[in-house]
Amino acid sequence: LCSKIDVLGSSRLEAGTYDLAIAISAFEHVHNPFLAMREAATLLKPGGLLFWHTPFEFEQHGVPHDFFRYTAAGARAVAESAGLVVDVVSSDGGYAAVLSNILGLGAHHWSDAELLQGGDVAASVQHYLSTRMVARKPSPDGASSGTIFIQSGNRSDSLSRPSVKKLKGWRDCPETMNSGNKHNLGELVRSAWENGALPLGGPYGSFGGINNWLPGMKGRVKVPKRAWEQGAQSSSPSRHTQHLWMYRFIAEHRARLPSPARCLDWDGWYGGSVFAAVCTEVDVIEYATPFGRVAPQLLYWSRERGRKATRWYKADAHTMSAYLDHSAYDLIIANSVFEHLHNPFLAMREAATLLKPGGLLFWHTPFEFEQHGVPHDFFRYTAAGARAVAESAGLVVDVVSSDGGYAAVLSNILGLGAHHWSDAELLQGGDVAASVQHYLSTRMVARKPSNVSTLS
């Protein structure tokens, strides 16, 4: 297929040279994929092809150079930002592949068809292991450089890299398991999956159960989810770890916020509930048209019934500075937001413009977590990825770390609620400095430098 092969980094590369750029497990390791894709597009000949394969629901690896994960929509957004035309983009490996990877079960426990079953990128909530894409550089006559067929007949126990040598140090399963126990575990998981017993919570995804519970004298007591009371447990490990981080943020950082404090909250979910303790004014941004300021609406999940937002804006995060006040906010609450933005670098510059000097950004995004909110689900961020986005806009990162370790990741894929674990167990592990590590989400606190008024 390739008569001449150049390796990136081996020499100075010339524009318009390549018929095919092979990017296998590459783009998760670049700190700015939009810039890297523009470079790749420059190197391709008109009609030249880009072969892309990146992990999606997959552990951190290759530290410190592991930054992003891409949904199919995210891969498309990056390619199209550089002017490439996407011919094919889809998932690679469904629920069985994701679960087996987390459990440490090799690919030999499944047929190829079973590993690839599911992973529908058009589904509202869906698990899949990797993302694959073929994109091309447009040619003046509209023709491509030819059709390429890529096939691997090799099988490896590494589920994400069927034709590539496994990562150094990868463990097929815990050392405490002998080969017989490994086989039994594989058969148990396979049987449960085939009989529809997995995931335990019903449909794919952890959003199926977001009830809130408090421990009581006679077991768990249901409480209104609108309050998200401290000490309550959500049925969703993701929601639960989010709320633990919110309360920890308030405890550790409220002294840095003025009183009164003006806050910006996406969609009005948390400004009136958990963050009511620190937010005197709660402005809301909602992605809806027509853009502009509208009459204040009720805050969702507000502890104070009937409380309305101070100001309500319909805007796109990528252009919100055109509608919202500059250098106005003491705190921007970005909980489960940045995975839904097609260009996080641009949106972060907008957020930096809106923050007051010294103002704080609260960030929480999923990492090893299923696709959701289709069609607006694009990226996942390691701790290094979150830092790269924040620092690209001139923000200073005070805190960035994982949120939810191996138990949280496993519970999410199995459909187990957070109440099956203690908080310490859910948060155990997830060391972002570790070479290979599972964690559910990424949390960050960043601030706008006090000597900067408006960032461009």
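So, confidence first, since this is a predicted model. The protein chain averages a pLDDT of 83, and 80% of the residues score at least 70. Two stretches are where I'd like you to be careful. Over residues 144-156 the pLDDT stays under 50, and the model gives that stretch 26 contacts beyond four places in sequence. Then there's 161-179, again with pLDDT under 50 throughout, and here the model has 25 contacts beyond four places in sequence.

Okay, on to the cavities. How many cavities of 30 Å³ or more does a search of the whole structure find? It finds 2. I'll talk about the second largest, which has a volume of about 30 Å³. Its lining is made up of E57, V98, I102, H127, E368, V409, N412 and I413. Two elements give two or more residues to that lining, namely α3, residues 95-103, and α9, residues 406-414. Which of the elements gives the most? That's α9, with 3 residues. If you sort the lining by class, you get 4 nonpolar residues, 2 polar and 2 charged.

Let's stay with α9 for a minute. The helix is mostly covered, with 8 of its 9 residues buried. Those are A407, A408, V409, L410, S411, N412, I413 and L414. So what do they pack against? Well, α3 is in there, along with α6, which is 237-253, and α10, which is 423-427. So you can see V409, N412 and I413 both ways: they are on the list of buried residues in α9, and they also line the second largest cavity. And when you step off the end of the helix, look at G415: just after α9, that glycine takes a positive phi of about 90 degrees.

Last topic, the disulfide. There is 1 in the structure, and it joins C263 to C279, with the sulfurs 2.2 Å apart. Where do the two cysteines sit? C263 is in strand β9, residues 262-266, while C279 is in the loop between β9 and β10, the latter being 281-286. The two are 16 residues apart, and the pair links distant parts of the chain. Is the link left-handed or right-handed? Left-handed, with -95 degrees about the S-S bond.

And are these cysteines buried or exposed? C263 has a relative accessible area of 0%, so it is buried. C279 is at 3% relative accessibility, so that one counts as buried too, given that the cut-off is under 20%.

That's what I had. Over to you.

Key:
Residues are numbered from 1 along each chain as its sequence is written. This is a predicted model: local features need pLDDT of at least 70, side-chain atom pairs count only at pLDDT 80 or more; totals for chains, interfaces and linings use all residues. Side-chain values use heavy atoms; hydrogens and water are left out. On a 1 Å grid over the protein atoms alone, a cavity is a set of points where a 1.4 Å probe fits but cannot get out, and a pocket is an open set with protein on both sides within 12 Å along at least five of seven lines; lining residues have an atom within 4 Å of a point. Grid points are joined across faces, edges and corners, and a volume is the space filled by probe spheres set on the points. Helices (H or I, at least four residues) and strands (E, at least two) are DSSP runs, numbered from the N terminus. Ala, Val, Leu, Ile, Met, Phe, Trp, Tyr, Cys and Pro count as nonpolar, Asp, Glu, Lys and Arg as charged, and the others, Gly among them, as polar. pLDDT is the predictor's confidence in each residue, from 0 to 100. Contact means heavy atoms within 4.5 Å. A disulfide is a pair of cysteine sulfur atoms within 2.5 Å. Buried means under 20% relative accessible area, exposed over 50%, partly exposed in between (1.4 Å probe, protein chains only).
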